[in-house]
Amino acid sequence: MENDKSRKLKIGLALGGGSALGFAHLGILQALEENNISIDFISGTSVGAIVASLYAFGVSFKDIEEESEKINWKQLIKIKPSSMAIASNTTLKEILKKYIGDADIADANIPLAIITTDIETGSKIVFKSGNAVDAVLASACLPGLFPPIEMQGLTLVDGGIVENVPISPLKDFKAEVVIAVNLLRYRKYEKPKSIVGVLVNSFDMINHRISAQPRQTDVDILIEPNLKDYFMGDFKNWKNISKQGYLEALKYIDTIKELQHQTPYEDFLGNLKKFFKL
């Protein structure tokens with residue numbers, strides 16, 4: 001075992017769902033990078049899965065911001081009614097393919113976990129291997145809006161139904177410091193102008209009341225930016241949303257560094273045994 005003073009504890013980062021509010025994740029990643037805090041494990045649900053997968057495969061927050069500048073957000077959701085949904089997610093698929101290609105989740109630079117929901121059983125399905133793009137599309141598949149994704153014999157939809165802030169995979173990864181990002185702590189809703197708005201608001205409300213609120217005791221750091229002035233479809237304000245994430249994350253930098261340099265319990269026991277020659 002390495003000397004406890006010579007190593008930093010391994011950090012796991014859980015990025016929660018929230019549609020356009022997910023741009024706050026970019027600001028949080030920026031704050032961590034600027035303060036030399038590296039991520040050893042990362043998990044994502046819905047939009048959190050989009051950001052987590054890109055970041056895990058080496059796409060920086062700056063690269064994601066540059067891509068965001070190019071996107072015509074009005075065309076992100078293409079209305080294409082089918083027996084299973086009212087829209088198509090082909091635009092998102094094209095963006096993911098551009099950066100990730102046909103890569104397997106297991107080949108990511110940072111160990112990655114993606115949360116999805118089996119629409120036939122209601123079970124939580126966590127992917128740590130398999131086609132990364134397919135898993136992300138499934139995790140971000142808002143039921144009724146986008147068609148379910150068929151993957152490994154399963155019919156999958158948005159992971160926010162079962163675990164909107166994906167803490168559990170980080171515990172499986174044995175992360176020693178767990179940072180979770182909950183985008184849905186502070187909410188307000190825009191009056192729907194279409195069926196898309198009705199679906200988005202409804203899904204937001206379900207997540208907010210059922211699965212979106214992790215307990216402080218479940219994590220070491222819980223980052224909850226105040227995004228009540230923004231809506232889940234508020235893509236045009238992505239820069240302001242990102243800034244809110246950045247400013248909120250800065251409040252936790254010192255605490256994260258302190259936690260990262262604590263002596264792990266296993267190291268403490270090992271040193272104790274050595275001292276007493278047990």
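In the predicted model, Thr 155 touches a set of residues from two stretches of the chain, not counting residues up to four places away in sequence: Thr 117, Asp 118, Ile 119 and Glu 120, together with Pro 148, Ile 149 and Glu 150. Thr 155 belongs to strand S8, which spans residues 154–158. One of these contacts, Glu 120, is 35 residues away from Thr 155 in sequence, yet the two C-alpha atoms are 6.8 Å apart in space. Because its relative accessibility is 10%, below the 20% limit, Thr 155 counts as buried.

A second threonine, Thr 116, is part of strand S5 (residues 112–118). Its relative accessible area is 0%, and Thr 116 is therefore buried. With residues up to four places away in sequence left aside, Thr 116 touches Ser 123, Lys 124, Ile 125 and Phe 127, as well as Ala 135, Ala 138 and Ser 139. Its remaining contacts are Leu 156, Val 157, Gly 159 and Val 162. Among these, Leu 156 and Val 157 fall within the residue range of strand S8, 154–158.

For the protein as a whole, the secondary structure consists of 10 helices and 10 strands. Of its 278 residues, 53% are buried. The accessible surface amounts to about 13400 Å², and carbon and sulfur atoms account for 52% of that area. When contacts between residues at least 6 apart in sequence are considered, 76% of them join residues at least 24 apart.

Three aromatic pairs are present in the structure. In one of them, Phe 23 and Phe 235 are arranged edge-to-face, with a distance of 6.5 Å centre to centre and an angle of 90° between the planes. Phe 23 is located in the loop between strand S1 (11–15) and helix H1 (24–34), and Phe 235 in the loop between strand S10 (221–223) and helix H8 (238–250), so this pair ties together parts of the chain separated by 212 residues in sequence. Both phenylalanines are buried. Phe 23 also pairs with Trp 238; the ring centres are 5.5 Å apart and the planes lie at 45°, so this pair is tilted. Here too distant parts of the chain are linked, since Phe 23 lies in the loop between S1 and H1 whereas Trp 238 lies in helix H8, 215 residues away. Trp 238 is buried, as is Phe 23. Through these ring pairs, Phe 23, Phe 235 and Trp 238 are joined into a cluster.

The loop between S1 and H1 also contains Ser 19. This residue has a positive phi of about 55°, although it is not a glycine. In general, most residues other than glycine have a negative phi. Ser 19 has a relative accessibility of 24% and therefore counts as partly exposed. A positive phi, near 55°, is likewise found for Ser 46, again a residue other than glycine. Ser 46 is placed in the loop between strand S2 (41–45) and helix H2. With a relative accessibility of 10%, Ser 46 counts as buried, because this value is under 20%.

Helix H2 comprises residues 47–56 and is mostly covered, 10 of its 10 residues being buried. The buried residues of H2 are Val 47, Gly 48, Ala 49, Ile 50, Val 51, Ala 52, Ser 53, Leu 54, Tyr 55 and Ala 56. After H2 comes Gly 58, which has a positive phi near 90°.

Packing between helices was examined for H3 and H4. The angle between two axes and the distance between them serve to describe a pair of packed helices. Helix H3 (residues 61–70) packs with helix H4 (residues 90–100) at an angle of about 145°, and the axes are 13 Å apart. The crossing of these two helices is right-handed. Asp 63, Glu 67 and Lys 70 of H3 form the contact with Ile 95, Lys 98 and Tyr 99 of H4. By class, the residues of this contact comprise two nonpolar, no polar and four charged.

Conventions
Residues are numbered from 1 along each chain as its sequence is written. This is a predicted model: local features need pLDDT of at least 70, side-chain atom pairs count only at pLDDT 80 or more; totals for chains, interfaces and linings use all residues. Side-chain values use heavy atoms; hydrogens and water are left out. Helices (H or I, at least four residues) and strands (E, at least two) are DSSP runs, numbered from the N terminus. Buried means under 20% relative accessible area, exposed over 50%, partly exposed in between (1.4 Å probe, protein chains only). Contact means heavy atoms within 4.5 Å. Accessible areas come from the Shrake-Rupley method with a 1.4 Å probe; for residues, only the protein chains shown count as cover. Axes are lines fitted to C-alpha atoms, for helices over the stretch in contact, and angles run from 0 to 180 degrees between N-to-C directions. A crossing is left-handed if the near helix is turned anticlockwise from the far one by less than a right angle, and right-handed if clockwise. Ala, Val, Leu, Ile, Met, Phe, Trp, Tyr, Cys and Pro count as nonpolar, Asp, Glu, Lys and Arg as charged, and the others, Gly among them, as polar. Rings of Phe, Tyr and Trp (its six-membered ring) pair if their centres lie within 6.5 Å; planes under 30 degrees apart count as stacked, over 60 as edge-to-face and the rest as tilted.
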